[in-house]
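Here are my notes on the model you sent. They are numbered so that you can reply point by point.

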Amino acid sequence: MKEREKLGTDSILGMKILEQLDCASWAELQQRAALQPDSVFPSVFPVVAAAADAEDPAAREILRQSSKRIIPLVA
């Protein structure tokens with residue numbers, strides 16, 4: 001969503017996330033995530049991981065930031 005706000009259009013990663021979740025828009029995705037986060041976020045991870053492996057900078061930043069937030073929870 002940040003990429004869309006910055007660029008004014010969906011990035012390839014953004015389009016793949018919407019496609020993976022079968023959402024027509026970010027508003028739909030946000031609504032679904034608010035109601036059922038446990039069914040949304042696990043489905044996004046493989047898309048982000050694959051994009052990071054393909055050296056997508058946004059995907060790599062998502063994983064970097066996520067790891068910073070999860071480390072204190074498991075330490």
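Which residues is L13 in contact with, leaving aside its neighbours within four places in sequence?

1. **Contacts of L13.** This is a predicted model, so please read every point below in that light. Leaving aside neighbours within four places in sequence, L13 touches V47, V48, A51, D56, A58, A59 and I62. Contact here means heavy atoms within 4.5 Å.

2. **The core around it.** L13 belongs to the largest nonpolar core, which has 16 residues. L13, I17, L21 and L29 are the ones with the most contacts inside this core. Four elements give it two or more residues each: α2 (12-20), α3 (26-35), α4 (37-53) and α5 (57-74). The largest share comes from α4, with 6 residues. As background, nonpolar side chains in soluble globular proteins tend to be buried together.

3. **Secondary structure.** The protein chain has 5 helices and 0 strands. Read from the N terminus, the order is α-α-α-α-α.

4. **Overall dimensions.** What radius of gyration does the protein chain have, and what would a compact globule have? The chain has 13 Å; a compact globule of 75 residues would be near 11 Å, and the two agree. Along the principal axes, the C-alpha atoms fill a box of roughly 40 × 30 × 20 Å.

5. **Burial and surface.** Of the 75 residues, 27% count as buried. The accessible surface of the chain is about 5600 Å². Carbon and sulfur atoms account for 57% of that surface.

6. **Contacts across the sequence.** Take the contacts with a separation of 6 or more. Residues 24 or more positions apart make up 31% of them.

7. **Charges.** The protein chain carries 9 positive and 11 negative charges. The mean positions of the two sets lie 7 Å apart.

8. **R60.** This residue sits in helix α5. Is R60 buried, exposed or partly exposed? R60 is partly exposed, because its relative accessible area is 38%, and that class lies between the limits of 20% and 50%. Beyond the neighbours within four places in sequence, R60 is in contact with A52 and E55. The C-alpha atoms of R60 and V48 are separated by 7.9 Å, with their positions 12 residues apart along the chain. V48 is also one of the contacts of L13.

Definitions and conventions: Residues are numbered from 1 along each chain as its sequence is written. This is a predicted model: local features need pLDDT of at least 70, side-chain atom pairs count only at pLDDT 80 or more; totals for chains, interfaces and linings use all residues. Side-chain values use heavy atoms; hydrogens and water are left out. The radius of gyration is taken over C-alpha atoms; the globule rule is 2.2 Å times the number of residues to the power 0.38. Buried means under 20% relative accessible area, exposed over 50%, partly exposed in between (1.4 Å probe, protein chains only). Accessible areas come from the Shrake-Rupley method with a 1.4 Å probe; for residues, only the protein chains shown count as cover. Lys and Arg count as positive and Asp and Glu as negative; His and the chain ends are not counted. The place of a charge is taken as NZ of Lys, CZ of Arg, CG of Asp or CD of Glu. A nonpolar core is a set of buried Ala, Val, Leu, Ile, Met, Phe, Trp, Tyr and Cys residues joined through side-chain atoms within 4.5 Å.
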